[in-house]
Structures are given as C-alpha cells and as structure tokens.
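Work through the exercises below with the sequence and the model open side by side. Each task is followed by a solution in steps.

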Amino acid sequence: MDVAALRKQMPTTKNMTYLNTGWAGPSPMSVVNAIKERLEYESYNGPTTPEVRETGKQINLQTQEAVAGLLNVSADEILLTANTTTGLNNVLNGLPWRKGDEIITCSLEHASILLPSYHLRESRGVVTRVLQLAPGEPHDSTLSKVEAALTERTRMVFFSHIEYSTGLRMPVEGIRALTKDRGIWMLIDGAQAAGHIPLDLRAIDCDFYSIPGQKWLLGPDETGALYVRQSMIPEIQPVDIGYDTALEYDREGGYVPNSDKIEKLLVSTASAPLHAGFLEGIRFIDEVGVEAILERNLSLVTALKAGLAPLSGVTIQSPMDGFGATGLVAFSIGGADHEEACLELWRSNRIMVRNISYPASLRASLDFFNTEDEVTALVEAVQGLTLA
Ligand SMILES: Cc1ncc(COP(=O)(O)O)c(C=O)c1O
C-alpha cells in the first residue's frame, strides 16, 4: 500500500493528525469531486429534465450495487438510507413483535442500539436484556453469556459487529450459530465495520445489517445502507409512508401495498450528489482493499498499544490481540476528565481523537492513511497530558 500517495488524495491528512475515522472518515478528493460534479450537472442541466433524472437513477442503482458487492449480498436486498440509525429503526419499528418478546444486546453498545430497543418497551411491550460485558470480553465468554440469556421469548439478537466504545470485534458468527435454529432474528449494526474489516453477510447469515457512508467508507454525511434478507422483506412494515410504499393507489381510498420490495421503505426525495459521493467512497476503499486496510490498521494499533501500555496512569480498554482487536483503541487516563483531555490534544497538538463515556476513555481510530509517526505523536502527547 502506497500510504504517502493515498494521503496526497486526502486533504485532512495535511492539516492535522486525524485519528477519528470511527466518528467520520476524512473524504478523499474523488468523493468531494463526485459530489461537486453531480451538483453542478444538476444545476446546469435542470434537476427534473429526463437526462438528469435518468442519470440520477443510475447513480442510485450503482450505489446499491456497490454496497451489495461490499457486503456480498444482492442489490435488491439493499436500501439506501441516510445513516446507520435510520436503517436500525426501519427494522426495529417495522417487525411484527408480540408483547413480551425479548431482545438481547450488551452494555458496550452505542445509543443507536440501546435507545431504539428500549423504546420498543413503550411502543410494543418488547423487553431488552442487556448483557454486561467487559470492555475486551473474550469471545467464548460472550457466547456463554448469550447462551445463558436465551429464553423461549428471545426474538432478536442485536449487536454491533465492532463495538464503537472499545473496538471489540464481536463473535457474530458464533452468536448466529447459537440462535439460528431457534428462529431468532439477527440485526447487526455495522457502523464500525463497513470499510474496516472484510464483510460477507452470506457467511454470517444475519437477517439485517445497517451501515453508514461517512465513517470507514469515507463518504459524506447523510449516506448509508440497510441490508434486509430477501425472505424478511415482506415481514417489515414501513413506518414512514412514501411513493414506493404502494404499487398503485387511486383517489377513492384504493391502495395496493408494495410488500415484497425493499423500496417500500423509501420515503421521498433522496440526494443523487450525496449518493455519488457515497459510491466514490466505496470505490476508493475497494481500490485500497479492505483486507489490506485491516492488516495495516492492526499493525498501527499494535504500535499504539505498545506505546501507551507503559505510560503511568494509562489503562488500555480495548482487547490487546487475537480476533477481538480492530483499528479502534480506547484508553483511560487515571483521574483525567476525558472530554477535557480530548480538547487538549486538539488544541495543543492538532490531534483529533474522541472521548467515550462508557468506559470513560479516549478513543483513537487507526486507519490505513495514518502513519507510524502519527502513532508516536499521539503517545508523546498523551505522555505530556499524564505528566502535567
Ligand atoms: C456502533 C455505532 N452505531 C451507530 C452509530 C450512529 O451512526 P449514524 O450516525 O450513521 O447513524 C455509530 C456512530 O458512531 C456507531 O459507532
């Protein structure tokens, strides 16, 4: 991988040490140009002319196909969404729950998993069981906890593929093996996984998978996609109703629902320029190669952990090695206000990380475009913080 050449295409890398892809990835110029060019094309050629509408449709289709390729599923199982959370809500609010059904999730999860699940208690009488996991919980122990939590009422297992908090990669294949024969639905939040680790949803065999465009795929905000297994599409009732929810309708109350196509979940106008940017992000990541990306990220992460581990007061929260480690590293600084520490790293060193509330820590995202020198810069800056 020619890291120097790739960095030249990513303006952010010239201006700072950017270690926050897990929140939003820095777009390469090809993404920025794709958005600009499409916007200009629309403004010069009239947004509703047949040519513009046709090419807009093509962009959406190509984006659906590119996402399908990334996930190894088929394009008619992919819905383009505005972000990960929208996709999760489409599934959770659209499924036919029965009162007393149970969802199993865990304590390391993002609010985008916990809150929509808790909300189902109010709206549908669904109970969420939250497994308490250690920041770097070993896989066999996670699987034992999932198995012990299964009941006759378990209807869904709902986890992130990679935990946003500590970067722990979850044993989703093992969880599926425990639950598939019981007919339990599997919804996976792939916010930290798409563009970060190789994905094969056919192999995982999950029912639903939601991803963003703006993180490891380096696309713009307001892009994302939801996978729904073909056989599950008729099970999901749209909550927000738009043009594609009906196959046909009349002016006297007549209405034929579109039950079998994933487009039924589309609500209204979407942005072709943003989809063009999303598409270009996927192409860029495809060219760099997700396997190569993961390999490089893990080597940067190993260097960062080795640099941080000896620092006094610093505790690494992320798994140290093995299958659980990814490009996200969370570390706590004893006695520190992590929000303040995060700001201080930015103000004094132009290093962009984020703070995490649970477990209280700083989180660095190491992505392929980061360098060994940036890892060293972070270690030295943290050392400066802990000694202050
Ligand atoms: C695991 C996880 N889920 C969901 C989200 C929310 O993503 P989005 O803004 O795409 O809805 C994030 C964002 O950090 C995340 O890390």
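The exercises cover two sheets, a helix, some backbone exceptions and the ligand shell.

The model is predicted: local features need pLDDT of at least 70, side-chain atom pairs count only at pLDDT 80 or more, and totals for chains, interfaces and linings use all residues. Residues are numbered from 1 along each chain as its sequence is written.

**Exercise 1. The seven-stranded sheet**

Task: Give the strand order of the open sheet of seven strands and state its pairing.

Solution.
- Helices (H or I, at least four residues) and strands (E, at least two) are DSSP runs, numbered from the N terminus. Two strands pair if DSSP finds at least two bridges between them.
- The order is β2-β8-β7-β6-β5-β3-β4, and the pairing is mixed.
- β2 (78–81) and β4 (127–131) have a single partner strand each, so they stand at the edges and one side of each is left without a neighbour in the sheet.
- Neighbouring strands are turned by 20 degrees against each other on average, direction ignored. Such angles are taken between axes, which are lines fitted to C-alpha atoms (for helices over the stretch in contact); they run from 0 to 180 degrees between N-to-C directions.

**Exercise 2. Strand β6**

Task: Describe how β6 is joined to β5 and decide whether the residues of β6 are buried or exposed.

Solution.
- β5 (residues 154–160) and β6 (residues 185–189) run parallel and are joined by five bridges.
- Among the bridge partners, Met156 is matched with Trp185 and Phe159 with Ile188.
- A residue is buried if 20 or more other C-beta atoms lie within 10 Å of its own, exposed if 12 or fewer, and partly exposed in between, with C-beta atoms placed from the backbone.
- Trp185, Leu187 and Asp189 point one way from β6, while Met186 and Ile188 point the other way; all are buried.
- Five of the five residues of β6 are buried, so the strand is largely enclosed by the rest of the structure.

**Exercise 3. The four-stranded sheet**

Task: Find which strands are at the edges of the second open sheet.

Solution.
- Four strands follow the order β11-β12-β15-β14, with antiparallel pairing.
- β11 (314–316) and β14 are the edge strands, each pairing on one side only.
- From one strand to the next, the twist averages 35 degrees.
- Three bridges join β11 to β12 (residues 328–333), and Ile316 stands opposite Phe331 of β12.

**Exercise 4. Helix α12 and the residue after it**

Task: Compare the span of α12 with the expected value, then locate its buried residues.

Solution.
- α12 (residues 338–349) has 12 residues and reaches 16 Å from its first C-alpha to its last, close to the 16 Å expected at 1.5 Å a residue. The expected span is 1.5 Å times one less than the number of residues.
- The buried residues are His338, Ala341, Cys342 and Leu345.
- Seen down the axis of α12, these buried residues fall within an arc of 105 degrees, so they line one face of the helix. The arc is that of the directions from the helix axis to the C-beta atoms.
- Glu340, Leu343, Arg347 and Ser348 are exposed on the other side of α12.
- Arg350 lies in the loop between α12 and β13 (351–352). Its phi is positive, about 50 degrees, although Arg350 is not a glycine.
- Arg350 has 13 C-beta neighbours inside 10 Å and therefore counts as partly exposed.

**Exercise 5. Backbone exceptions in loops**

Task: Which peptide bond is cis, and where does Leu218 lie?

Solution.
- The bond from Tyr358 to Pro359 is cis, with omega near -5 degrees. Pro359 is in the loop between β14 (354–356) and β15 (361–365).
- Leu218 lies in the loop between β7 (208–212) and β8. Its phi is near 60 degrees, a positive value in a residue other than glycine.
- Leu218 counts as buried because it has 28 C-beta neighbours inside 10 Å.

**Exercise 6. The ligand shell**

Task: Which residues come nearest to the ligand, and how does the shell divide by residue class?

Solution.
- A residue is near a molecule or strand if its C-beta atom, placed from the backbone, lies within 6 Å of it.
- Of the 13 residues around the ligand, Asn83, Thr85, Tyr164, Ala191 and Pro212 come nearest.
- Ala, Val, Leu, Ile, Met, Phe, Trp, Tyr, Cys and Pro count as nonpolar, Asp, Glu, Lys and Arg as charged, and the others, Gly among them, as polar.
- The shell divides into four nonpolar, eight polar and one charged residue.
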